[in-house]
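Thanks for making the time this morning. I would like to take you through one structure, and please have the view open while I talk.

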Amino acid sequence: MKETIEKNTIKYQELLRKYINTQDEKALYDLELISKAFIKKNILPEELINLHIQAMENIYPQLMNEYKISMEFLLEATVFYGLALQEVDYLRQEKNVLTAEISVAANMQKTLLGTQKPERNGVDIGVISVPAHQMNGDYHHFTVGSNGTIGIAIADVIGKGIPAALCMSMIKYAIDSYPEATMSPNKVLENLNRVVERNIDSSMFITMCYAHYLPKESKLKLSSAGHEPGYIYRAETGEFEEISTKGIVLGVMPDAEYREYELDIDKDDLIIFLTDGVSECRDGDRFIETEELLEVIRKYIDLPAQELVDNVYQYFEKLQDFQLRDDFTLIVLRKEV
Amino acid sequence: MNLSVKINEDSNLKVLEVSGEIDAYTAPELKESLMPLIKEGGNQVEVDLEDVQYMDSTGLGVFVSALKASKESGSHFTLRNVQGRVYRIFEITGLSEIIDIKAAIRGGNE
């Protein structure tokens, strides 16, 4: 630090002399280099003023006394800027510590909430889940029952970040305790609702869709707790069909009941589940409408399921003013036989 | 984008005129204005959302809190002039069934 100041004392004086005489912009450019070197070494602004005072006294030994006193006055005024700068530096360090801690938590969350995508003959599943910040407030989970039933849970906790992520762990462990393969989707939601209602803050809630895909019967059974509607792409007609479901979000009504819906799935049909991060994407000030999302899915409909979801996300990511305001999760399941 | 909340009090009918976007950053402000009125008990509170074109789930959270608090305090609250996009999320989440909501007139300010 001291070295940098000493090294630049003469240089500053020469630049100042040059600038006073010629007002040459080149001097300003060189001055910028000095400032940057000072900032890099965390040298406080009052040191720069000090340099200026010394330089002026050397260039003009006959300086007015009033001028000298005024410079001391200025020096006093800058002291507080120096203190503020030191605080910024401290905050920056503290922020780095926090960021590191959150990234540890995010990794832990990945392990805790991890789920394996089922690889079964006859179904092709693709999933992508991207958090808006470090920690993900979306949750998805797959199970495979002994009869081959594939269970799919997709959920979104209100808000994002750490509180949402913590809440998701609760959901995960509650679900883990259920005999999932035998428990119907509406019963899963009714049980979860009681757990959530008792355990979360009054302003929080969770939306969730819980589905069973029965490969032998070619049926989809599902219940929804206020979750963004899913879709089925019907291969025969080439049309998207909204899976309209009703049901209140988890955590609001203690005795909520959920209806179970049943749908027939044909060969090459594609079942689509998503969270509202997908439908709340923005491109600048413009919202991305569900219709647009479906058109993008249609564009990649012939790809294997995982490539399909990856491509859909990349499509939105490439939009010029794209911003992910909320966690983004998209799951697709295609019946192959 | 900012949020502004104006309160018009007329005996026990309180009208909150909200304008702007309700999201994670602005929801606390709405909550601060709304909750005391609900908790006071015996109040009729109307929240006018005519000038709210965007609301995310954090906003819903504020109204869920308000609903729970109103049951305890005996206040009643209504949402009015709820715009299309905002109304849709009340519908999806099933909250439109348990919160007293009046959507904006179709073809109006949508």
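Between chain B and chain A there are two salt bridges, and I should say at once that this is a predicted model, so everything that follows is computed from it. In one salt bridge, the side chain of E97(B) meets that of K246(A), with a nitrogen-to-oxygen distance of 3.5 Å. Alongside the salt bridges, four residue pairs are in polar contact between chain B and chain A, counting pairs in which both residues have a pLDDT of 80 or more.

Which elements of chain B supply the side that touches chain A? Strand β3, residues 44-55, helix α2 and helix α3, residues 84-92, each supply at least two residues of that side, and the largest share, eight residues, comes from α2(B). If we sort the residues on that side of chain B by character, we find seven nonpolar, six polar and nine charged.

Turning to the extent of the interface, 22 residues of chain B are in contact with 24 residues of chain A, and the two chains bury about 1,900 Å² between them, with 51% of that area on carbon and sulfur atoms. Within the area that chain B buries against chain A, Y54(B), K68(B) and R85(B) supply 28%, which is more than any other three residues.

Let me now stay with chain B and look at how two of its helices are arranged. The axes of helix α1, residues 27-39, and helix α2, residues 57-73, come within 10 Å and cross at roughly 10 degrees; angles under 35 degrees count as roughly parallel, and α1(B) and α2(B) are therefore roughly parallel to each other. On the α1(B) side, the residues making the contact include L30(B), L34(B), M35(B) and I38(B), while those on the α2(B) side include V62(B), F63(B), A66(B) and A69(B). Taken together, the residues of this contact divide into nine nonpolar, four polar and two charged.

To finish, a wider search for salt bridges, covering the whole structure, finds 19 over all chains. One that you can inspect within chain A joins the side chains of K36(A) and E32(A), at 2.9 Å from nitrogen to oxygen. How far apart are K36(A) and E32(A) along helix α2 of chain A? They are four residues apart in that helix, which spans residues 25-40, and so they are separated by about one helical turn.

Definitions and conventions. Residues numbered from 1 in each chain as written. Chains lettered and ligands numbered in written order. Predicted model: local features only at pLDDT ≥ 70, side-chain atom pairs only at ≥ 80, totals over all residues. Heavy atoms only, no water. Axes fitted to C-alpha atoms, helices over the stretch in contact; angles between N-to-C directions. Parallel < 35°, antiparallel > 145°, perpendicular 65-115°, else oblique. Contact = heavy atoms within 4.5 Å. Nonpolar A, V, L, I, M, F, W, Y, C, P; charged D, E, K, R; others polar. Buried area = accessible area lost by both parts, 1.4 Å probe. Salt bridge = Lys/Arg side-chain N within 4 Å of Asp/Glu carboxyl O. Polar contact = N/O pair within 3.5 Å; in protein donor to acceptor, adjacent residues only side chain to side chain.
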